[in-house]
Amino acid sequence: MTYQTQRISPCRVSISGSLTAEQVRAERETVTSSWARAVRLDGFRKGKAPRSLVERKFEKEIQDDLVEGLVRAVWTEFRAGEKLRVASPVEVRRTTVREDGGFEVEAELDVYPTIELAPVEGFTPPEVDVEPVSAEVDMALEQLRERQAVWEPADGEPVAEGLLVEAEVHGEFPDGGGEPFHEERSLFQLGRGEVYPEIEAAVAGKSVGDETAAERVMPEQAGEERAGKRIAYRIKVKSLRRKRVPEADDAFAESLGIDGGAASLRERVRERVRAEKLRRRYEAWRDALVGYLGGDGKVALPERLLEEETRKELLDLAGAFAQRGIDPRTQVEWEKLHPEVRQKVERRLWAELVLDTLADRLGIEVTDAEVDAEVEKQARSMGVPFAEVKGNLAKRGGLETVRGLLRRERAVGRVLDGREG
């Protein structure tokens, strides 16, 4: 087997490969035997039909599988012999079975460009303070108290700011332009902007069991069909609750399983703040390292890869908007978001390229056992069996993604080793 490559552009490579007649015969034998074992023809048990009959009946299918197998053989040889980062599936341009029985293939694919890195020895990480100040500990302690807050019944009080309102809401469009709707259990905290201000104003001062009405005019952003249309709401207050935030005292520390009272609780929170600041310092140092090694980052990346990764990010965003109750079809300005998301994707891919190149320079490898250990850690954190997580990752190529992440992080760690305290 032989192959040659040619750089069409910094991000595009052509491959010309060939196999001998003997290699083609061996592959044909493998493919034909597989078909002969698998097919069931009338009058014969599975795998027992005469081989010549199988070859005649499935001639085209066998030929297609043969070509696919031959292309795969060239591709496997290419991947083993070339130190290129592939950025797209291979695109076969031409295949030929020669008169002498040999095989030729021409293909193209996108690759990441080859870049030169600055010498690691010249990198000095920026100063980043990791010791928590009192205000940071106070804020973290306040956030912890908020997370442990409970909602207590407040049905005897009027609706006021800060109370959690449970309401039944009916809505209709008196002038047309929409279907009536009904929400049995709408929950919102008054004064937080979680519902329209017209609804907040309508329920303020009401009591549990009261019914009230509100009206809202649809804004221009709702589109031509609904802009200016009225929505009439009927709202019934079903229950009220007030948030009770625990004090940062000895009892609170004990409820969290922390010995030593409030002083020990504060120290534990300080340690967590420091750990978070250490994590942010690592990210800052990693970003600085990428910037130092890769320079201005103006090397072109494969266009189709950029667009495909941007499309995936936008689809994820659409799902996130939908979960928050935002209609991604009518309430999101995708024309403005697209260039922002593309720029974010470009920065991420550039950082990956720089760190992969660094890992190559440092000779860093990640074993299958190390990939499994990382997947097992992820499985434990999700409470999902290891085999299930690994199987799902393997189906979509995620194991190599995990390997790449570990390899990059190890490269960064190698450079930063001894500089963290």
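How many of the eight residues of strand S4 are buried? The tour of this predicted model opens with that strand and then moves outward to its partners, a cavity, two pockets and a single leucine.

**Stop 1: strand S4**

Please select residues 103-110, which make up strand S4. Six of the eight residues of S4 are buried, and the strand is therefore described as mostly covered. In a regular strand the side chains alternate between the two faces of the sheet.

**Stop 2: strand S3 and the turn**

Next, add residues 91-97, which form strand S3. S3 and S4 run antiparallel and are joined by six bridges. To view one of these pairings, select Arg94 together with its bridge partner in S4, Glu106. Then follow the chain through the five residues that lie between the two strands of this hairpin. Within the turn, Gly101 has a positive phi of about 95 degrees.

**Stop 3: strands S2 and S1**

Keep S4 in view and select residues 12-19, strand S2. S2 is also antiparallel to S4, and eight bridges join the two. Ser14 serves as an example: its bridge partner in S4 is Glu108. Like S4, strand S2 is mostly covered, with six of its eight residues buried.

Now extend the selection to residues 2-9, strand S1. S1 pairs with S2 in the antiparallel sense over seven bridges. Tyr3 may be found opposite Gly17 of S2. The link between S1 and S2 is a hairpin of two residues.

**Stop 4: helix H1**

Select residues 21-38 to display helix H1. This helix has 18 residues, and the distance from its first C-alpha to its last is 26 Å, close to the 26 Å expected at 1.5 Å a residue. Which residues of H1 are buried? They are Ala21, Val24, Val31, Thr32, Ser33 and Ala36. To see what surrounds them, show S2, helix H2 (51-57), H3 and S4, against which the buried residues of H1 pack.

**Stop 5: the cavity**

The structure holds one cavity of 30 Å³ or more. The volume of the largest cavity is about 70 Å³. To outline this space, select Ile15, Val71, Val74, Trp75, Phe78, Val90, Val105 and Ala107, which line it. Which elements each supply at least two residues of that lining? They are helix H3 (59-81) and strand S4 (103-110). H3 gives the largest share, four residues. By class, the lining comprises eight nonpolar residues, with no polar and no charged ones.

**Stop 6: the largest pocket**

Clear the view and turn to the largest pocket, which holds about 1,800 Å³ of space. Its lining consists of 46 residues; those nearest the centre are Arg85, Val86, Tyr112, Asp356 and Arg408, and selecting these five is a convenient way to find the place. Two or more lining residues come from each of H3, helix H8 (303-323), helix H9 (334-362) and helix H12 (398-416). The largest share, nine residues, belongs to H12. By class, this lining has 21 charged, 18 nonpolar and seven polar residues.

**Stop 7: the second largest pocket**

Move next to the second largest pocket, where about 740 Å³ of space is found. It is lined by 20 residues, and Tyr196, Arg216, Met218, Arg226 and Gln331 are the closest to its centre. The lining divides into ten nonpolar, five polar and five charged residues.

**Stop 8: Leu399**

The last selection is Leu399, which has its place in helix H12. Is Leu399 buried or exposed? Its relative accessible area is 19%, and buried means under 20%, so Leu399 counts as buried. Show its surroundings as well: apart from neighbours within four places in sequence, Leu399 is in contact with Val371, Val375, Lys390, Leu393 and Ala394. As a final step, draw a line between the C-alpha atoms of Leu399 and Glu374. These two residues are 25 residues apart in sequence and 9.9 Å apart in space.

Key
Residues are numbered from 1 along each chain as its sequence is written. This is a predicted model: local features need pLDDT of at least 70, side-chain atom pairs count only at pLDDT 80 or more; totals for chains, interfaces and linings use all residues. Side-chain values use heavy atoms; hydrogens and water are left out. On a 1 Å grid over the protein atoms alone, a cavity is a set of points where a 1.4 Å probe fits but cannot get out, and a pocket is an open set with protein on both sides within 12 Å along at least five of seven lines; lining residues have an atom within 4 Å of a point. Grid points are joined across faces, edges and corners, and a volume is the space filled by probe spheres set on the points. Ala, Val, Leu, Ile, Met, Phe, Trp, Tyr, Cys and Pro count as nonpolar, Asp, Glu, Lys and Arg as charged, and the others, Gly among them, as polar. Buried means under 20% relative accessible area, exposed over 50%, partly exposed in between (1.4 Å probe, protein chains only). Two strands pair if DSSP finds at least two bridges between them. The expected span of a helix is 1.5 Å times one less than its number of residues. Contact means heavy atoms within 4.5 Å.
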